[in-house]
Amino acid sequence: MSKKSILLLPGDGIGPEIMAEARKILEWVASRGGVALHMEEGLIGGIAYDQTGHPLPEETLTQARRVDAVLLGAVGGPKWEPLPYEVRPERGLLGIRKSLDLFCNLRPAKLFPQLVEASTLKREVVEGTDIMVVRELSSGIYFGEPRGVTTLANGEKRGVNTLVYTTREIERIARSAFQVAATRQKKLCSVDKANVLEVTELWREVVTAVGKEFPDVALSHMYVDNAAMQLIRNPRQFDVIVTTNMFGDILSDEASMLTGSIGMLSSASLGEQYALYEPIHGSAPDIAGKGVANPLATILSVAMMFRHTLGLPEMADRIELAVNRVLDRGLRTPDIFQPGTQKVGTVAMGDAVLAALSESLL
Ligand code: IPM
Ligand code: MG
């Protein structure tokens, strides 16, 4: 029997609530036999700061390097906003991405047909949306130096962040994106701001050069402002989008609304050696502890984990099928609720997925 180990990092806000539901799914998979899952928990974000004085304790990185895959909930909240940047919860997340060299972030924005009315956008616009956003995750303006705020001689302050990419960094994310596109509709749109920013002109050149290795994939380029508009004008024109860290952050939140709710979007953060899975929504402090958060993005992240890292694609299919069934039955957390459906909380949603999973084996 194969043995796999998973590190769970619930984090802050709604993180622990959604993680508890994901854990049930993992435990169910383990109880079926076929794969032995070892699960351990660790600290990241605000809770890690509270307990250890650092949002990413060394112990968490040691654990993360030891396991086959990491599942992360969410980090951050108003409680930690007054802290200096170096110890903010978000730095824990950025730190683990950087330390594990997780450069490739896959964010699938796929509309479940049952949720077509849950989007704030019109049915005829969002219907059929199936986009994979490939976001560069370990470089760009999030990590570039110099950074920080200094005080000038006249007492004025000056803030600076640096957008930086090297050829090698662009090549590897481009290659990953072409590989993903090759397994889908074979269309890749690279998003940049090459008309203004030299670094993204380099991005465009390098992506184009890598494209020569993938003659079957149709490559196009789009400026980010236009891409933001095209995403909500006609999302079906997109198959795979590849872009920089910050543009990917923004465009993936925008794309999530095509699927009804940000509470539905899972993600995989992959490097050459390590893999981390997380829902793209944040810690949602406004609803934390109320039992109403949507656990489906985390459950779908577990499915991605089985597909991309744990070598059990049939288990991924099964989890996705179970989510589909629960939506078919009309169960909805408040973020995807529509009149005529049944409003349920976090735990009831997790239980319903679990029940549907069990049925799918009968
Ligand atoms: C995301 C989040 C993070 C990011 C924050 C929490 C640091 O918005 O994963 O999209 O900006 O990358
Ligand atoms: Mg974001």
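Is leucine 43 buried, partly exposed or exposed? I shall open with that residue and then move on to the domains and the pockets. Please keep in mind throughout that this is a predicted model.

Leucine 43 is partly exposed, because its relative accessible area is 23%, and partly exposed covers the range between 20% and 50%. You will find leucine 43 in the loop that runs between strand E2 (35–41) and helix H2 (46–52). Setting aside neighbours within four places in sequence, leucine 43 is in contact with Leu9, Ala48, Gln51, Thr52, Pro57 and Thr60. For one of these, threonine 60, the separation from leucine 43 is 17 residues in sequence and 6.2 Å in space, C-alpha to C-alpha.

Let us turn to leucine 61, which belongs to helix H3 (residues 58–66). Leucine 61 counts as buried because its relative accessibility is 7%, and the limit for buried is under 20%. Residues up to four places away in sequence are again left out, and the contacts of leucine 61 are then Leu56, Ile96, Ser99 and Leu100. Alanine 118, by comparison, lies 57 residues from leucine 61 in sequence and 38 Å from it in space, C-alpha to C-alpha.

I now come to the overall division of the chain. There are two parts: domain 1 (1–103 + 271–362) and domain 2 (108–260). Between their C-alpha centres the distance is 24 Å. Where the two domains meet, 19 residues of domain 1 are in contact with 20 residues of domain 2.

Where does the largest pocket lie with respect to these domains? It lies between them, because domain 1 and domain 2 both give residues to its lining. The volume of the largest pocket is about 710 Å³. Its lining is made up of 28 residues, and those closest to the centre are Glu90, Arg91, Leu94, Tyr142 and Asp249. Two or more lining residues come from each of strand E3 (69–74), helix H4 (89–99), strand E6 (144–151) and strand E7 (157–162). Helix H4 provides the largest share, with five residues. By character, the lining of the largest pocket comprises 12 nonpolar, six polar and 10 charged residues.

The second largest pocket holds about 610 Å³ of space. Its lining has 22 residues, of which Pro108, Lys110, Met132, Arg307 and Glu320 are the closest to the centre. This pocket also lies between the domains, since domain 1 and domain 2 both contribute lining residues. At least two residues each are supplied by strand E4 (104–110), strand E5 (130–136), helix H6 (167–182), helix H10 (296–308) and helix H11 (313–328). Here the largest share, four residues, belongs to H10. The lining of the second largest pocket divides into 11 nonpolar, six polar and five charged residues.

I shall close with asparagine 245, a residue of helix H9 (residues 245–256). Is asparagine 245 buried or exposed? Its relative accessibility is 1%, so asparagine 245 counts as buried. Which side chain makes a polar contact with the side chain of asparagine 245? That partner is arginine 135, at 2.7 Å. Beyond residues up to four places away in sequence, asparagine 245 touches Arg135, Glu136, Leu137, Ser138, Ser139, Tyr142, Phe143 and Tyr165. Among them is Tyr142, a residue already named as one of the closest to the centre of the largest pocket.

Methods
Residues numbered from 1 in each chain as written. Chains lettered and ligands numbered in written order. Predicted model: local features only at pLDDT ≥ 70, side-chain atom pairs only at ≥ 80, totals over all residues. Heavy atoms only, no water. Buried < 20%, exposed > 50% of the residue type's maximum accessible area, 1.4 Å probe, protein only. Polar contact = N/O pair within 3.5 Å; in protein donor to acceptor, adjacent residues only side chain to side chain. Contact = heavy atoms within 4.5 Å. 1 Å grid on protein atoms, 1.4 Å probe; cavity = no way out; pocket = protein on both sides within 12 Å on 5 of 7 lines; lining within 4 Å. Points joined across faces, edges and corners; volume = space filled by probe spheres on them. Nonpolar A, V, L, I, M, F, W, Y, C, P; charged D, E, K, R; others polar. Domains from an automatic or database assignment.
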